[in-house]
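Reader: Hey, got a minute to walk me through this one? I'd like to start with any empty space inside.

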Amino acid sequence: MSRATREAYRDSVLALLGRHPELMCLDSDTGLFSADHAAAAGDQYLNLGIAEQNLMGVAAGMAACGRVPFVNTMAAFAASRALEAIKIDIAYNRLPVRIMATHGGLAAGHLGPTHQALEDLAVMRVLPGMTVVVPADAAATEAFVEQSVTLPGPLYVRLGRKPTPPIPAAPPPVIGKAQTLRTGGDVVLVGCGPYPVLACVAAAETLAEQGIEATVLNMHTLRPFDTETLIAAARPATLVITLEEHWRAGGLGGAVAEALAEAQPTRVLRLGVPDKFVDEVGNQEHLVAHYDLTAERVVRAVRTALDTAARSGKTDWKEYHS
């Protein structure tokens with residue numbers, strides 16, 4: 001059943017408040033928490049209004065006094081407008097603030113570039129000590145919220161806006177550990193977030209019909225990065241493809257390329273939003289299709305790369321010589 005990751009976060013944190021008096025829920029007037037939600041949370045909920053830098057400063061102060069604040073704002077504002085407060089007040093002091101950033105990626109496509117977050121993963125994953133997580137569905141969001149209660153240091157969680165389908169059955173999601181959704185020795189498909197992960201799964205199924213077996217990794221945690229699982233998957237493979245709802249620079253593709261360059265040199269193709277501001281108006285599904293962040297794009301990229309390698313004599317893919 002489709003469900004929004006931001007709603008899964010809201011319901012999960014509200015359920016935790018009664019069991020954990022140290023938790024606080026700080027809102028920025030985004031509309032995710034209704035009056036009924038606020039009443040249920042009681043004194044553990046504060047709406048600080050549309051003032052994101054102040055929101056982060058208040059959260060840092062509370063965390064310094066022993067509380068564990070969950071901060072709710074849009075990803076575009078967390079990664080840009082409030083970045084200095086996150087860097088200096090939260091990350092520098094290694095405070096346990098949980099930044100729950102909604103409308104990640106192209107989720108606010110209808111509001112234009114000012115509200116789209118295509119840089120947030122690059123920004124957040126370079127901050128020392130910052131854990132960075134991108135749940136692929138509502139169930140993973142619930143698990144990460146629960147795990148974050150005792151997680152040391154700051155946490156950034158990128159959430160969506162609208163309901164998205166659950167990902168296929170997989171090992172329970174654990175912060176810092178990639179999920180292997182499918183195994184195969186020919187290529188590796190790595191995604192993070194609902195649409196990219198589902199696209200990688202669908203692409204792997206299509207490739208299997210064509211005789212190409214793919215490992216699919218849901219790399220939901222960009223920091224700390226699960227280099228061990230990635231290397232193990234890449235070792236027998238000819239090619240690694242990454243797919244993300246983010247600009248190609250600095251996000252998932254960058255993290256994968258960095259890890260493999262140091263430990264297991266493998267060809268990496270990074271698929272994401274082109275290096276330009278979005279110039280198309282539409283909802284998330286429209287923009288995902290417009291920028292071809294799709295299973296079909298992944299399949300084409302794999303087939304083109306393997307075909308080129310076969311023609312140059314670098315592989316023995318017999319189907320490409322037929």
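Author: Sure, and keep in mind that this is a predicted model. Helix α8 (residues 194-209) gives the largest share of the lining of the largest cavity, with 3 residues.

Reader: OK, and how many residues line the largest cavity in total, and which lie nearest its centre?

Author: The lining has 19 residues, and L159, G160, P194, E245 and Q284 are the ones nearest the centre.

Reader: What's the lining like by class?

Author: It's a mix: 8 nonpolar, 6 polar and 5 charged residues.

Reader: How much space lies in there?

Author: About 150 Å³ in the largest cavity. With a cut-off of 30 Å³ or more, the count comes to 1 cavity.

Reader: Where does the largest cavity lie relative to domain 1 and domain 2?

Author: It lies between them, because domain 1 (5-158) and domain 2 (179-321) both give residues to its lining.

Reader: Nice. Switching to helix packing: at what angle do α9 and α10 pack?

Author: Helix α9 (residues 227-234) and helix α10 (residues 252-263) pack at about 70 degrees, and their axes are 10 Å apart.

Reader: So what do you call that, roughly parallel or roughly perpendicular?

Author: Roughly perpendicular: angles of 65 to 115 degrees count as that, so α9 and α10 get that label.

Reader: And is the crossing left-handed or right-handed?

Author: Right-handed, for α9 passing α10.

Reader: Now the backbone. Is the peptide bond from R223 to P224 cis or trans?

Author: That bond is cis, and its omega is near 0 degrees.

Reader: Where does P224 lie?

Author: P224 is in the loop that runs between β10 (221-223) and α9. That's the α9 we just talked about, the one packing with α10.

Reader: One last thing, what's the phi of R94?

Author: R94 has a positive phi, about 55 degrees, even though R94 isn't a glycine.

Reader: And where is R94 found?

Author: In a loop as well, with α5 (83-91) on one side and β4 (98-102) on the other.

Note on methods. Residues numbered from 1 in each chain as written. Predicted model: local features only at pLDDT ≥ 70, side-chain atom pairs only at ≥ 80, totals over all residues. Heavy atoms only, no water. 1 Å grid on protein atoms, 1.4 Å probe; cavity = no way out; pocket = protein on both sides within 12 Å on 5 of 7 lines; lining within 4 Å. Points joined across faces, edges and corners; volume = space filled by probe spheres on them. Helix = DSSP H or I, 4+ residues; strand = E, 2+ residues; numbered from the N terminus. Nonpolar A, V, L, I, M, F, W, Y, C, P; charged D, E, K, R; others polar. Domains from an automatic or database assignment. Axes fitted to C-alpha atoms, helices over the stretch in contact; angles between N-to-C directions. Parallel < 35°, antiparallel > 145°, perpendicular 65-115°, else oblique. Left-handed = near helix turned anticlockwise from the far one by under 90°.
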